[in-house]
Amino acid sequence: MIGIIDFDGKIPNVALMKLSTYYKSQGESVRLIDEPGKEEKIYCSTLFSWNREKALDLSNRHNNIEFGGTGIDLTKKL
């Protein structure tokens, strides 16, 4: 199971949708989540800097999260 978290989401996040499509094409189950559970891998997108602390708090509690987005790092791509 792959989890995706979109902290800033009122509209679909293109990077997360591409990840979802990729993993679904590989036969994985993908779901949008608010809080990590039993997912094998989690991807989180943070576009705005005001959500950075929320993302960093989540990373301190869970080690299987891959972060991306301009709110985290301008150079990293998910």
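# Close-up views of a predicted model

**View 1. A buried glutamate meets an arginine.** Glu-39 counts as buried, since its relative accessibility is 4%, and a residue is called buried under 20%. Please keep in mind that everything shown in these views belongs to a predicted model. The partner of Glu-39 in this view is Arg-31: their side chains form a salt bridge, with 2.7 Å from N to O. Arg-31 has a relative accessibility of 41% and therefore counts as partly exposed. The pair thus joins a buried Glu-39 to a partly exposed Arg-31. In total, the model has 3 salt bridges, and the next two views show the others.

**View 2. A salt bridge between strands β3 and β4.** Here the side chains of Lys-41 and Glu-66 come together in a salt bridge, at 3.5 Å from N to O. Lys-41 belongs to strand β3 and Glu-66 to strand β4, so this contact ties together parts that lie 25 residues apart in sequence. Lys-41 is partly exposed, with a relative accessible area of 26%. Glu-66 is partly exposed too, with a relative accessible area of 25%. Take a moment to look at the other neighbour of Lys-41 as well: Lys-41 lies over the face of Tyr-43, at 5.7 Å from the ring centre. Lys-41 therefore takes part both in a salt bridge with Glu-66 and in a charge-over-ring arrangement with Tyr-43.

**View 3. A salt bridge within helix α2.** Asp-57 and Arg-61 meet through their side chains in a salt bridge of 3.4 Å, N to O. Both sit in helix α2 (residues 52-61), and because they are 4 residues apart, about one helical turn separates them. Asp-57 is partly exposed, with a relative accessible area of 39%. Arg-61 is also partly exposed, at 46% relative accessible area.

**View 4. Three tyrosines in a cluster.** The model has 2 aromatic pairs. In one of them, the ring centres of Tyr-22 and Tyr-23 are 5.1 Å apart and the planes stand at 75°, so this pair is edge-to-face. The other brings Tyr-23 together with Tyr-43: the centres are 5.8 Å apart and the planes make 35°, so the pair is tilted. Through these ring pairs, Tyr-22, Tyr-23 and Tyr-43 are linked into a cluster. Tyr-22 has 46% relative accessibility and so counts as partly exposed, whereas Tyr-23 is buried, with a relative accessible area of 17%. Tyr-43 is buried as well. Since Tyr-23 lies in helix α1 (residues 14-25) and Tyr-43 in strand β3 (residues 41-45), the tilted pair ties together parts that are 20 residues apart in sequence.

**View 5. The sheet and its strand order.** An open sheet is built from 4 strands in the order β2-β1-β3-β4, with parallel pairing. Its edges are β2 (30-32) and β4 (65-68), each of which pairs on one side only. On average, neighbouring strands are turned by 20° against each other, direction ignored. Strand β1 (residues 2-6) pairs with β3 in the parallel sense over 5 bridges, and β1 pairs with β2, again in the parallel sense, over 3 bridges. Residue by residue, Gly-3 faces Ile-42 in β3, and Ile-5 has Cys-44 of β3 as its bridge partner. On the β2 side, Ile-4 stands opposite Leu-32.

**View 6. Helix α1 packed on the sheet.** Strand β1 pairs with β3 over 5 bridges, and helix α1 packs on this sheet, where it touches β1, β2 and β3. The direction of α1 makes about 170° with that of β1. β1 itself is mostly covered, with 4 of its 5 residues buried. Ser-20 offers a good viewpoint on this packing, as its place is in helix α1. Is Ser-20 buried or exposed? It is buried, with a relative accessible area of 8%. Which residues does Ser-20 contact, leaving aside its neighbours within four places in sequence? They are Ile-4 and Val-30.

Key. Residues are numbered from 1 along each chain as its sequence is written. This is a predicted model: local features need pLDDT of at least 70, side-chain atom pairs count only at pLDDT 80 or more; totals for chains, interfaces and linings use all residues. Side-chain values use heavy atoms; hydrogens and water are left out. Rings of Phe, Tyr and Trp (its six-membered ring) pair if their centres lie within 6.5 Å; planes under 30 degrees apart count as stacked, over 60 as edge-to-face and the rest as tilted. Buried means under 20% relative accessible area, exposed over 50%, partly exposed in between (1.4 Å probe, protein chains only). Helices (H or I, at least four residues) and strands (E, at least two) are DSSP runs, numbered from the N terminus. A charge sits over a ring if NZ of Lys or CZ of Arg is within 6 Å of the ring centre and within 35 degrees of the ring normal. Two strands pair if DSSP finds at least two bridges between them. Axes are lines fitted to C-alpha atoms, for helices over the stretch in contact, and angles run from 0 to 180 degrees between N-to-C directions. Contact means heavy atoms within 4.5 Å. A salt bridge is a side-chain nitrogen of Lys or Arg within 4 Å of a carboxyl oxygen of Asp or Glu.
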